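Colleague: Could you take me through one part of this model closely, namely the sheet and the aromatic residues that sit in it? I would like the strands, the ring pairs and the covering helices treated together.

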Amino acid sequence: MEEPLVPLVPMSHTAHIRSHRKPRRNAPSLAMRAGVAGGVLSTLAVAAAAGSASAAEPVTQTMELPTLTADLATQVAQSADATQQTAANYELQAERDAAAAKAAKQAKADLADAKKKAEAKKKAEAARKAAAADAVSRSSARTVLSASASTSTNVAAPASGSMATVIAFLKAQVGDAYVMGGTGPNAWDCSGLVQAAFKQVGVDLPRVSQDQSVSGTPVSLSNVQVGDILYWGSAGSAYHVGVYIGNGQYLDAANPSKGVVIQDLSGYPATGAVRVL
């Protein structure tokens, strides 16, 4: 702190004469005391101001604290809501991704299954065509009836009541199993059953359906009678045979799932018929 400047006062001409009054305090001392007093007062003023500020500060903090706390709580709540919403969105997306993956996997499996079925169908169709071609080939290679021969195969004339015997034998086999190549007594294929039925009355038919379809006299389906042999497929290359039993029905060894059954001709119309009795 700089010391206060002392003013210079010109002395009078009587200054050397002593006075009976008390000497006056010099100006520097007064100035110093005034400076000290001013400093003290300034310090007290600053302290008072600081005290007032300190006393007011807790009130201000007490009034602002609830406001800050409420804002903070709101921010925390909003942050929690946002976090929860984000978690929910992630979970929903995960579920969607899982569903999409499952659907893609199922679609892939369905496609593979469809391809497998298509391949199996293609192989079955190829096998059917091969069988048809083989049948045609065998039919072409088969010895054709000579022009001089009668359209009827040489079959012994049946005795009276023979047809009833054939039909009775056939009906007695209903319910038996179907077995490829079966000739009885409890399992049959279509031509094996027809051959066995006519053998009961002394008629010796060929073993397979292709040959049976050209045995006897051809008849139209509109003139078919009880005991006529029905065939499916071309004459000479038929793939199935049965016997007409009247009333629009026929009896045959149908297939492995049905066995020997009686069926309506309207449900599975025959291609042609021949008569041997």
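Modeller: What follows goes from the confidence of the model to the sheet, then to its aromatic cluster and its helices.

This is a predicted model, in which local features need pLDDT of at least 70 and side-chain atom pairs count only at pLDDT 80 or more, while totals for chains, interfaces and linings use all residues. Residues are numbered from 1 along each chain as its sequence is written, and side-chain values use heavy atoms, with hydrogens and water left out. The pLDDT, which is the predictor's confidence in each residue on a scale from 0 to 100, has a mean of 76 over the chain, and 63% of the residues reach 70 or more. Over residues 136–160 the pLDDT is below 50, and this stretch has 18 contacts in the model beyond near neighbours in sequence, a contact being heavy atoms within 4.5 Å.

The sheet is open and has 6 strands in the order β3-β8-β4-β5-β6-β7, with antiparallel pairing. Here helices (H or I, at least four residues) and strands (E, at least two) are DSSP runs numbered from the N terminus, and two strands pair if DSSP finds at least two bridges between them. Its edge strands are β3 (217–219) and β7, each of which pairs on one side only. Neighbouring strands of the sheet are turned by 35° against each other on average, direction ignored; axes are lines fitted to C-alpha atoms, for helices over the stretch in contact, and angles run from 0 to 180 degrees between N-to-C directions.

Strand β6 has an antiparallel partner in β5 (residues 240–246), over 3 bridges, and another in β7, over 5 bridges. In the first pairing tyrosine 244 has tyrosine 250 of β6 as its bridge partner, and in the second glutamine 249 stands opposite aspartate 264 in β7. The hairpin of β5 and β6 has 2 residues between the strands, and asparagine 247 in the turn has a positive phi of about 60°. The hairpin of β6 and β7 has 6 residues between the strands, and there glycine 259 takes a positive phi near 75°. Elsewhere in the sheet, β4 and β8 pair in the antiparallel sense over 3 bridges, with valine 274 in β8 as the bridge partner of isoleucine 229.

The structure holds 3 aromatic pairs, where rings of Phe, Tyr and Trp (its six-membered ring) pair if their centres lie within 6.5 Å, and planes under 30 degrees apart count as stacked, over 60 as edge-to-face and the rest as tilted. Tryptophan 232 and tyrosine 250 form a tilted pair, at 5.1 Å centre to centre and 50° between the planes. Because tryptophan 232 lies in β4 (residues 229–232) and tyrosine 250 in β6 (residues 249–253), this pair ties together parts that are 18 residues apart in sequence. Tryptophan 232 also forms a stacked pair with tyrosine 268, at 5.3 Å and 20°. Tyrosine 268 lies in the loop between β7 (260–264) and β8 (272–275), so this second pair joins parts that are 36 residues apart in sequence. Ring pairs thus link Trp232, Tyr250 and Tyr268 into a cluster. Tryptophan 232 is buried at a relative accessible area of 1%, whereas tyrosine 268, at 34%, counts as partly exposed; buried means under 20% relative accessible area, exposed over 50%, and partly exposed in between (1.4 Å probe, protein chains only).

As for the helices, α2 (residues 162–172) lies across β5 and β6, running at about 115° to β5. Helix α3 (residues 190–199) lies across β4, β5, β6 and β7 at about 50° to β5, and 9 of its 10 residues are buried, including Leu193, Val194 and Phe198.
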